[in-house]
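Here is a short set of exercises to work through with the structure open beside you. Try each task before you read its solution.

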Number of protein chains: 2
Amino acid sequence: MSKSATEYKYNIALDAMGGDYAPAETVSGALEACSNKDTHVLLVGDEDKLLRLLPANIPTNLTIIPSHDVIYETEHPIDAMKSKPNASILVSANMVRQGLADAYVSMGSTGAAMAAGVVSLGTLPGVERPALGGPFLGLSPNTVLVDLGTSVDNRPSQLVNYGVLGVAFSKIFCNISNPRVGLLSVGSEDSKGNRQTREAHSLLSKSNLNFIGNVEGIDIPKDKADVIVCDGFVGNILMKFTEGLGQAVIEYLGKYLDASKGEASDSLIQELNKLTNFAEHFGGAPLLGLNGICVVGHGRSRSRAIMLAIEMAKTAIEKQFVTVMTEELSKVNGHNLVSDGENNDG
Amino acid sequence: MSKSATEYKYNIALDAMGGDYAPAETVSGALEACSNKDTHVLLVGDEDKLLRLLPANIPTNLTIIPSHDVIYETEHPIDAMKSKPNASILVSANMVRQGLADAYVSMGSTGAAMAAGVVSLGTLPGVERPALGGPFLGLSPNTVLVDLGTSVDNRPSQLVNYGVLGVAFSKIFCNISNPRVGLLSVGSEDSKGNRQTREAHSLLSKSNLNFIGNVEGIDIPKDKADVIVCDGFVGNILMKFTEGLGQAVIEYLGKYLDASKGEASDSLIQELNKLTNFAEHFGGAPLLGLNGICVVGHGRSRSRAIMLAIEMAKTAIEKQFVTVMTEELSKVNGHNLVSDGENNDG
């Protein structure tokens, strides 16, 4: 590596090989990010391929870090990490472990990004495995949902941690000073829910979070809570449903507008797209509870989304996201969380 | 009662006291329904109040059935049934038990409608408690989601029953002859899911349903499956989220259109409303697995939705919905479903 990490304000390892449109779009995203001269992008990937995509005059704040192999969405992350020790995502996470980068950014696979982070950097005290959370609805850009699908069958105490990590997210990325935490359930009354959420409700009530109780599906787009906590199974379905719904509404309206001879404008369609399209708005989501900064973006990200994911990583670096997560966790872990009941597994 | 049940093709007991706008809107809905002379509405409620709302010339195909008390959404259904034995929902269900009505229709509470049905009519063989299912998205009017929230922490075998009952729904109300059944999960691969869905996947694969495997949130609006099976916790959140999203999108667009000086027309807003508004489109949903016909509508239903719920009950009567559910259940119950694993409670 030709540049010192201390030379730049932000040193970002970008997994150039991750995502559906890699490396063409990751290279474009990296070049966009390099237009900010305080940003140093460590572009991790197949050197030959990257050189073919890069301009003859490579920006001085872009460094190629060679890697071999890619871990794909369809592979089991742990197995793949063993058989591909020099895969781009592992090399990216290692850049952070070695202090050569302040954060790593990948468009997937999420599982590999998580596994690489846990192995290279570890998790914060009290966190079993990282979670993924953030706003998922363009219409509610400051409503954070945790977990978006990193694990299922969560223990009630994990849901409490999701609340804590969501609070750190909300403070750093949404600038909300005392985020309201809601528990996603099937009724507003305390007693409503399944076994997992009823137990989690009790734990959250005893925590020092700003817990406002249960919120229902109808409340999600209504700014009732800043942080909404749910099992990763539910969060993943909600996130993907929103994506599918956005696509389907826009397709439907396209036909409707054709039939009605353009009563509405294309700008309206663009508005609707913004309301539901996760990737275009937020770029990605940081791994919550990791002892380091990793932003994971949507597999279908194009260069603009990749650039936004890099921007998100820069915010996390600047605002000391890991320190804030650690502080928030210590507040709740100081409290004694009672036992978890039977719902378990993780 | 002045009219014989055999005099009319459809005899519908309508809980006039159920729903947020009862009895004014239930009376209006009943009058609309009575414009069909093959339909006899037994309007169950507070006689004085009903008489004040009805015209002097009550249609000959409308009969007032007096009741006392109402069971509200906030009450525990079983407790309330004990303390209010003549509540409108109980009297309505009893009309069916006594053979004086072919179906009962209520705008809620859902819990009370279910409890009254179970006590009065019982459940079909193999069904522990009724479920609620149906299309929940105007955009996908033929995609049936079961369960929409009648119970949580479902055993995997209950999810199989949801598939069976959803098939009966799809055949009767969507006219689909061999409905494709999908299991809502967090990945398309068989192994993806939580403990409940992985076990349910195995049971569904062994059943004689037309099981197409896991479907993801993104697939819901894309006509990938005709019947989508999920835990009531997930279904309820999805249904209510859709409702909230529809409201929020329309509110947002209203502001957008104001700002852009009416680039799009009101008709577009109406289109969007149709795409997401459950109550206006479908009127209600039948209780699945009940040994009798009950259609439960949305608490916020107005007269048109109430009339549609009555129409749905009429379809169920005409197409022998209970017989079809019984036949479908017998096909699967004939198969031996293996044990359910630990995830339990119902």
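**Exercise 1. Find the loop that holds B:Asp147, then look at its peptide bond in both chains.**

Step 1. B:Asp147 sits in the loop between strand 6 (144–146) and helix 6 (156–173) of chain B; helices (H or I, at least four residues) and strands (E, at least two) are DSSP runs, numbered from the N terminus. This is a predicted model, where local features need pLDDT of at least 70, side-chain atom pairs count only at pLDDT 80 or more, and totals for chains, interfaces and linings use all residues. Residues are numbered from 1 along each chain as its sequence is written, chains are lettered from A and ligands numbered from 1 in the order in which they are written, and side-chain values use heavy atoms, leaving out hydrogens and water.

Step 2. Now the bond itself: from B:Val146 to B:Asp147 the peptide bond is cis, with omega near 10 degrees.

Step 3. In chain A, a cis peptide bond joins A:Val146 and A:Asp147, with omega about 10 degrees. A:Asp147 is in the loop between strand 6 (144–146) and helix 6 of chain A.

**Exercise 2. Describe how helix 6 and helix 7 of chain A cross.**

Step 1. The axes of helix 6 (residues 156–173) and helix 7 (residues 195–206) of chain A come within 8 Å and cross at roughly 55 degrees. Axes are lines fitted to C-alpha atoms, for helices over the stretch in contact, and angles run from 0 to 180 degrees between N-to-C directions.

Step 2. Helix 6 of chain A is therefore oblique to helix 7 of chain A (under 35 degrees is roughly parallel, over 145 roughly antiparallel, 65 to 115 roughly perpendicular, the rest oblique).

Step 3. Among the residues that meet here are A:Leu159 and A:Val160 from helix 6 of chain A, with A:Leu203 and A:Leu204 from helix 7 of chain A.

**Exercise 3. Describe the interface between chain B and chain A.**

Step 1. Contact (heavy atoms within 4.5 Å) links 49 residues of chain B with 49 residues of chain A.

Step 2. About 4400 Å² is buried between chain B and chain A, and carbon and sulfur atoms give 69% of that area. Buried area is the accessible area (1.4 Å probe) that two parts lose on being put together, summed over both.

Step 3. The rule finds four salt bridges across the interface of chain B and chain A (a side-chain nitrogen of Lys or Arg within 4 Å of a carboxyl oxygen of Asp or Glu). B:Arg195 and A:Asp153 meet through their side chains in a salt bridge (3.6 Å, N to O).
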